[in-house]
Amino acid sequence: MGKTEMLGLRLLAFGLVFIVDTSVSAPDDCQQETIRLRSQLRTLESQVMKQQQLIQQLRSQQVEPSAEQDNFVDLGEQTEYADCAQIYNDGKKRSGFYIIKPLKAPSKIRVYCDMSEGGGWTVLQRRSDGSEHFDRDWKEYKQGFGNMNSANGEFWLGNDNLHYLTSQGDYSLRINMMDFSDNQRFALYKSFKVADEKDSYQLQFGEYSGTAGDSLAGSYHPEVQWWASHQGMKFSTYDRDNDRYERNCAREDKAGWWFNRCHSANLNGYYYKGPYTAVTDNGIVWYTWHGWWYSLKSVVMKIRPVDFEPNAV
């Protein structure tokens, strides 16, 4: 409804109020007309309120899609970027979704570029609210899945894409974690690399630094490292068992991951809200911070070249 219609309804309502008020002193034979006018007034007031509610709903529906669309940054077709680091060093400093073309990738892919913490990070995985289930089969982990439209959406970029990205240079992996008390920790690994499907997306990584502890290498205790380390592990899903366990870690722990026998880190686990009990330790686990029986609130896995230096653009 436009401003003119709204103004007309309000003037009519005021006029009816005036008539109703002056009709109090009218003769008795006007009482029925007074009742009728009051009924009309109540009807008009109800219509005005409904119209105002409808206008608010329409406005909110118009705002939400544009906010989602603003997450995508269209750079056109002039330049192909191999990762988010190249985008950052070309002067694009805004976090959001971009299109990149890793050197060995057969086609372009949509990625989320995190331009915080020095910029240039290509996000591989995000957990934020449990809206996506990560107990997926081999094909889904190969291709990727999840919400690639929302800046807070949960997703896995895809094992093929992890390989294409990490095979084109030496990359660092940064894992940002938050618990349900909003405490934050991070783990940083040099020389993060994922092999191709022929080698079952085998995982390799280098030196650790950070505040969350070294759960990927299991180096927190030498007696458990033989079964807890994820170094050199192949990727497993419930329909493709590549772990060293006599049963299927992916099936028991409800996730695709680089399981050993089974894990000291499982960032694709089931989304519990903090402490949990289950048959197996199948939550979003980073053992060296909260142990096996606490599931994290949020996780972001992201990479950029080890030798990245931001341009002063």
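Of the 313 residues of the protein chain in this predicted model, 46% count as buried. The surface exposed by the protein chain amounts to about 16,300 Å², and 50% of this area is supplied by carbon and sulfur atoms. The protein chain contains eight helices and 14 strands. When contacts with a separation of 6 or more are considered, residues 24 or more positions apart account for 56% of them in the protein chain.

Strand S6 (171-178) offers a suitable starting point for a description of the strands. Eight of the eight residues of S6 are buried, so this strand is largely enclosed by the rest of the structure. In a regular strand the side chains alternate between the two faces of the sheet. In S6, Tyr 171, Leu 173, Ile 175 and Met 177 point one way, while Ser 172, Arg 174, Asn 176 and Met 178 point the other way, and all of these residues are buried.

S6 has pairing partners in both S7 and S14. With strand S7 (residues 184-194), S6 pairs in the antiparallel sense over seven bridges, and within this pairing Ile 175 stands opposite Ala 187, whereas Met 177 has Arg 185 as its bridge partner in S7. The two strands form a hairpin with five residues between them, and in the turn Asp 182 has a positive phi of about 65°. The pairing of S6 with S14 is likewise antiparallel and extends over eight bridges; here the bridge partner of Met 177 is Val 299. Met 177 therefore has a bridge partner in S7, namely Arg 185, under the DSSP bridges by which strands are paired, and another in S14, namely Val 299.

The pairing continues from S7 to two further strands, S9 and S8. Three bridges join S7 to strand S9 (residues 208-210) in an antiparallel arrangement, in which Ala 187, the residue that stands opposite Ile 175 of S6, also stands opposite Gly 210. Strand S8 (residues 203-204) is joined to S7 by two bridges, again with the strands running antiparallel, and the bridge partner of Lys 193 in S8 is Gln 204.

A further set of paired strands involves S1, S2 and S3. Five of the six residues of strand S2 (residues 109-114) are buried, so S2 is largely enclosed by the rest of the structure. Strand S1 (residues 96-100) pairs with S2 in the antiparallel sense over five bridges, with Tyr 98 opposite Val 111. S2 is also joined to strand S3 (residues 121-127) by two bridges, the strands running antiparallel, and Asp 114 has Trp 121 of S3 as its bridge partner. The hairpin of S2 and S3 has six residues between the strands, and Glu 117 takes a positive phi near 50° there.

Strands from the pairings described above also contribute to the largest pocket, which has a volume of about 290 Å³. This pocket is lined by 19 residues, and those lying nearest its centre are Asp 114, Arg 126, Asn 176, Ser 298 and Val 300. At least two residues of the lining are supplied by each of S2, S3, S6 and strand S14 (298-305), and the largest share, four residues, comes from S14. By class, the lining of the largest pocket has seven nonpolar, seven polar and five charged residues.

The second largest pocket has a volume of about 150 Å³ and is lined by 14 residues, of which Leu 75, Gly 76, Thr 79, Ile 99 and Lys 108 lie nearest its centre. The lining of the second largest pocket divides into seven nonpolar, two polar and five charged residues.

Buried positions are also found outside the strands. Helix H5 (residues 159-166) is mostly covered, with eight of its eight residues buried; these are Asn 159, Asp 160, Asn 161, Leu 162, His 163, Tyr 164, Leu 165 and Thr 166. In the loop between helix H7 (249-253) and strand S10 (265-266) lies Asn 260, which counts as buried because its relative accessibility is 1%, where buried means under 20%. Apart from neighbours within four places in sequence, Asn 260 is in contact with Trp 226, Trp 227, Ala 228, Ser 229, Met 233, Asp 243, Arg 244, Tyr 245 and Cys 249. Asn 260 and Gln 225 are 35 residues apart in sequence, and their C-alpha atoms are 10.0 Å apart in space.

Technical notes. Residues numbered from 1 in each chain as written. Predicted model: local features only at pLDDT ≥ 70, side-chain atom pairs only at ≥ 80, totals over all residues. Heavy atoms only, no water. Buried < 20%, exposed > 50% of the residue type's maximum accessible area, 1.4 Å probe, protein only. Contact = heavy atoms within 4.5 Å. Areas by Shrake-Rupley, 256 points an atom, 1.4 Å probe, with all protein chains shown as cover. 1 Å grid on protein atoms, 1.4 Å probe; cavity = no way out; pocket = protein on both sides within 12 Å on 5 of 7 lines; lining within 4 Å. Points joined across faces, edges and corners; volume = space filled by probe spheres on them. Nonpolar A, V, L, I, M, F, W, Y, C, P; charged D, E, K, R; others polar.
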